[in-house]
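Work through the exercises below with the sequence and the coordinates open. Try each task before reading its solution.

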Amino acid sequence: WQIVDAAMPAHKEPPPLCYSSVWLSMNCLVLDHKTVIVEASEVNQMEQMDKLGMNVIPMPFRDAYAFGGGLHCSTADVYREGTCEDYFPNQTGDITRV
């Protein structure tokens with residue numbers, strides 16, 4: 001393992017309605033040992049990851065920060081243990097036809 005200080009955020013202020021720190025720039029999504037998704041405007045973070053030998057995938061995600069965090073925070077595991085379960089059994093029909 002190599003401990004590396006995070007690159008400086010590319011922005012001095014968070015986006016509108018976001019109450020997180022500008023250090024949300026560190027919040028990236030690691031796909032495997034060589035591939036990472038980084039918020040597209042965080043050029044310093046992307047450059048740092050590239051220099052560390054990572055395959056960097058830029059993803060425009062800054063406008064979503066106000067809804068709960070960066071790329072890693074906004075994702076969930078796809079694989080779950082246990083049986084397939086319906087967590088919404090009492091739905092009242094197709095809400096797209098309202």
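The exercises go from the whole chain to single residues.

**Ground rules.** This is a predicted model; local features need pLDDT of at least 70, side-chain atom pairs count only at pLDDT 80 or more, and totals for chains, interfaces and linings use all residues. Residues are numbered from 1 along each chain as its sequence is written, and side-chain values use heavy atoms, with hydrogens and water left out.

**Exercise 1. State how confident the predictor is, over the chain and by element.**

Step 1. Recall the scale: pLDDT is the predictor's confidence in each residue, from 0 to 100.
Step 2. Take the chain. Its average pLDDT is 86, and 87% of the residues score at least 70.
Step 3. Go to the elements. β1 has the lowest confidence, with a mean of 89. α1 has the highest, at 97.

**Exercise 2. List the secondary structure and give the chain totals.**

Step 1. Fix the terms. Helices (H or I, at least four residues) and strands (E, at least two) are DSSP runs, numbered from the N terminus.
Step 2. Count. The chain has 1 helix and 3 strands. From the N terminus the order is β-β-α-β.
Step 3. Check burial. Buried means under 20% relative accessible area, exposed over 50%, and partly exposed in between (1.4 Å probe, protein chains only). Of the 98 residues, 27% are buried.
Step 4. Add the surface. The accessible area (Shrake-Rupley method, 1.4 Å probe; for residues, only the protein chains shown count as cover) is about 8000 Å² for the chain, and carbon and sulfur atoms hold 58% of this area.
Step 5. Look at contacts, meaning heavy atoms within 4.5 Å. Among contacts with a separation of 6 or more, 40% join residues 24 or more positions apart.

**Exercise 3. Work out the sheet: strand order, pairing sense and edges.**

Step 1. Set the criterion. Two strands pair if DSSP finds at least two bridges between them.
Step 2. Take β1 and β2. They pair in the antiparallel sense over 3 bridges. A hairpin of 2 residues joins them. Aspartate 32 stands opposite threonine 35 in β2.
Step 3. Take β2 (residues 35-39) and β3 (residues 55-59). These pair in the parallel sense over 5 bridges. Threonine 35 faces asparagine 55 in β3, and valine 38 faces proline 58.
Step 4. Assemble. The 3 strands make an open sheet, ordered β1-β2-β3, with mixed pairing.
Step 5. Find the edges. β1 (29-32) and β3 each have a single partner strand, so one side of each has no neighbour in the sheet.
Step 6. Give the twist. Neighbouring strands are turned by 25° against each other on average, direction ignored.

**Exercise 4. Place the helix relative to the strands.**

Step 1. Define the angle. Axes are lines fitted to C-alpha atoms, for helices over the stretch in contact, and angles run from 0 to 180 degrees between N-to-C directions.
Step 2. Apply it. α1 lies across β2 and β3 and runs at about 165° to β2.

**Exercise 5. Compare the surroundings of threonine 35 and isoleucine 37.**

Step 1. Locate threonine 35. The residue is in strand β2. Its relative accessibility is 11%, so threonine 35 counts as buried.
Step 2. List its contacts beyond four places in sequence: Leu29, Val30, Met54, Asn55 and Ile57.
Step 3. Locate isoleucine 37. This residue is in β2. It is buried because its relative accessibility is 11%.
Step 4. List its contacts, again beyond four places: Cys28, Leu29, Leu31, Ile57, Met59 and Leu71.
Step 5. Recall the general pattern. In a regular strand the side chains alternate between the two faces of the sheet.
Step 6. Get one distance. The C-alpha atoms of isoleucine 37 and asparagine 27 are 9.4 Å apart, with these positions 10 residues apart in sequence numbering.

**Exercise 6. Characterise valine 4 and leucine 17 in the segment before β1.**

Step 1. Take valine 4. It lies in the segment before β1 and is partly exposed, at 36% relative accessible area.
Step 2. Find its contacts. Beyond four places in sequence, valine 4 touches Gln48 and Leu52. Glutamine 48 is 44 residues away along the chain, yet the C-alpha separation is 9.5 Å.
Step 3. Take leucine 17. This residue is in the segment before β1. Leucine 17 is exposed, at 66%.
Step 4. Check its backbone. Leucine 17 has a positive phi of about 70°, although it is not a glycine.
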